[in-house]
Amino acid sequence: MLIWDLVVFLTLQLWSLMGAQPACRSHTVRTGKVFNVVQTVTGDVLRFAFPFTMLIRHPCDKKLALYLGKHLFFTRNNFESSMLPFTIPQSMAVGTPEVTSAFFSGEVLLLVVNHKIYTYEYSYNVWGISSGVDRPVSHVHVDSCCLEEVQFCLEMNNDVFAYMRGEPLSQTRIYHSSNGGYNFEEFIFPGQKELTGTLGGIFHLHSLSQVGMLIIENEKGMFAYSDHPLNRSLGLVFDYKTPLEILCVPGQRGFLILWSQSSLLVSPNSGQIIDYVKLQGNTVSSWSADNITIYTITTNENELAILTREDELYYGSHGYLQTTVMKLFEQRTWLEDATMTFEGPGILNILTPVSDPQFQAFDFQKCFLNLQTLLRSPAFHIPKCNVELLQGPLEDHLYTIDMNSNLELSAFMVPQPGTFPVLLVMVSNPHSLGFQAILYEYENTLDGNIKFKLDIELKQQHHWGRSDPNFTSSLKRPTVSSLTIDIANKPLSCVDLKPLSTLISVGCDTKKKIVVQNKISACSKGLLDAVELQNNYQYIIEKKYYRPRFSNQKATSDLLVIYPYKELGCPRLVYYDTPWKPVMELWLDGELQHVVDAEYVLREVNGVFTYSYSLTAGSAGCVSQPQNWTTVGTLGERTINPWNRETYVSCHNLDENNPLRWPDVQYQILGGPTDNKLVFEQRNGIYIFFISIVDPYFSYCHLETTFSIYVYGAYPLPLLQPVVVIMGLITSTLLAVWLAYFIPKQLETEKGHHFQDFWSSVCRRTARICTCQWLWRWQRARKIQAATKGPTEDSQRQDPQIAHALVSK
């Protein structure tokens, strides 16, 4: 090893004396031209508007990149082939196209060309122009994430800001896109109209869960933030004399690099503190004081490299305490259009496009530097890395801490023998995420070193109870933070010892769900048949029992409902005459956690309204007027729920603007501090309920589900009310008793005799009429019988039964 270090040292000295190419493997990529394949430029050739170069890599697919310089080059294979300059179709009519900003947003490359935003779908080679931007812009900004199948990362990749740098804040117009840059809408920064100065940039600082705006005034810069608690004050002031390009370091740790050709600054905490990059071995902290002009700059999650117009190459690493770079070497053969990129930890690629007098396609000269090998040289006097191992399950993962939850993580460190490195545990958003860390000796390695274990417990900062509420973020707002474990003041020789870092979402745990208990079902008691329910079972809701579309209008026809057995299973059994409320269970990743006692709301999805609530606003103890389904809004569609944890306002908190005016209205919130229940009317049938937890302090998730019940035991309603029937019977009985006493008394009087004589004469007349009628029928029967030669009169007299039969006919 000593011999190798000596060889490297002597080689570097010889190269510096001879002005030769530095210690890198250089080669030129030249493809296709040996076969005389002629490629011609079509469209308008794009050019970069600034006098420096940049290389924009796709954050996830490292083979995709865009070179910005005198020409632009878009590669799909990491510049492993000759290529034509990047062009925009002439049909876009951009004139002389100058690019001021470019970013990758998912599957789209966004470019600001002549102050307009264009989209290039590189998979299909399709150009377009973004809609919604009606004023000139100069820059776009996207902060990307590469964790696949994570909803937070998908939203981050589609989150784009567009703005005009240098415009007055009170007049400038900021645009925001949530679909990757295809469509933009105007974005109003909180209090923007009252701010003075000009706009230096606007960024979604996801690691801090803030939108940050760079304000420039009187050659001073400072960051303003959108949300509590950082919106109450501005960040620290720093010098801003020339327009600065701002790079968000990959990894979501909160590092920002602010640079121009004459200035280089860095922020380890999303702009709250801005500091100059220090040159190792130099007491002057200001980069501009050394008369160094930056030509290009590149960074990855941990490293930083700078190439200057003075042909000097600088290298360093990002540090929370101090970012320091050192000059590696100087040589005179860098080409003017050179740019840089990290191909891996400690592997730097200096890339230069080279024109060809015979072809329009450019070749690419690549110079690979193995920085780890270079830094071993005694000429740099860099101490050996003081840590052998730093590992933990923190890479390429997103952890979630939901409301009232915690997270436990561990990491291991093996220091070099005889060294005592200090571990740094940092969160990018301390307003939201708090932690407690313990470091202890765990075991010994095979070579006798001590292996240390670091245990970290993380919890939402608000729940630690150690900080002032004015310091913490809003408890109801989901946030994001990064967790980083690093070595304090580690030397540059620790090139391959990357910090351990991961993202932590203080928000919804998508593995959570709620389930309504179903211990007794209508099928288990034989009231419904499961087989019949599965076979597209249908039932009718009479029009007098439901309201269409959850309105107050009466239905005009009965409703036919197909029961969704596959989704709901067999309905739960509920007796109509007993107040009832569902029992909810919280499940996490397939395991039962506990019974939910948070506040929630219910609604019958078909509009059935034959139920009410056992409590009123007054009996529920409300001090403000409670919400209900009418005040919150109606459900236009069943999948839309306007009453959730974000819109819920508790009536148990005093609100002077909404006092308790109607204490007798129904209280429509169940669970929580009250024992409110549902009371069903006298109707049997199936109810399908939508249930939603509205307690904002139970979970960040919108915990919702649908379940069914079968209400039984209600007899058909009588035609008359029971009170009417009972009163009728009592009245009839009293009247009969009274008549039994009154009528005999009245019959003994003179009026009673006249009454009896009247009815006696009526009866006699009635009897006479009946007798005459009988005789008439008998005579008519005889005539008929004589005409048909029936029996004689004598025989009829002898047989009166025959005569009676003839009369009946």
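Hi everyone, this is a short tour of aromatic pairs and one sheet in a predicted model.

A word on the ground rules first. Because the model is predicted, local features need pLDDT of at least 70 and side-chain atom pairs count only at pLDDT 80 or more, while totals for chains, interfaces and linings use all residues. Residues are numbered from 1 along each chain as its sequence is written, and side-chain values use heavy atoms, with hydrogens and water left out.

Let's start with the rings. How many aromatic pairs does the structure hold? There are 35 of them, where rings of Phe, Tyr and Trp (its six-membered ring) pair if their centres lie within 6.5 Å; planes under 30 degrees apart are stacked, over 60 edge-to-face, and the rest tilted. Take Phe74 and Tyr120: this pair is edge-to-face, at 5.7 Å centre to centre with 90° between the planes. The two rings come from distant parts of the chain, 46 residues apart, with Phe74 in strand 6 (residues 72-75) and Tyr120 in strand 10 (residues 116-121). Strands here are DSSP runs of E, at least two residues, numbered from the N terminus. Are these rings buried or exposed? Phe74 is buried, with a relative accessible area of 11%, and Tyr120 is buried too, at 4%; buried means under 20% relative accessible area, exposed over 50%, and partly exposed in between, using a 1.4 Å probe and protein chains only.

On to a second pair. Trp580 and Phe707 are tilted, 6.3 Å centre to centre and 50° between the planes. This pair also links distant parts of the chain, 127 residues apart: Trp580 sits in the loop between strand 43 (572-575) and strand 44 (584-588), and Phe707 in strand 50 (residues 704-712). Both residues are buried. They belong to a cluster linked by ring pairs, together with Tyr611, Tyr613, Phe680, Tyr687 and Phe689.

Tyr687 has another neighbour: Arg683 lies over its face, 5.3 Å from the ring centre. For that label, NZ of Lys or CZ of Arg must be within 6 Å of the ring centre and within 35 degrees of the ring normal.

Finally, the sheet. Strand 50 is part of an open sheet of 4 strands, in the order 43-50-49-46 with mixed pairing; two strands pair if DSSP finds at least two bridges between them. Which strands stand at the edges? Strand 43 and strand 46 (600-604) do, each with a single partner strand, so one side of each has no neighbour in the sheet. Strand 49 (residues 685-693) and strand 50 run antiparallel, joined by 8 bridges. Ile691, for example, has Thr705 in strand 50 as its bridge partner.
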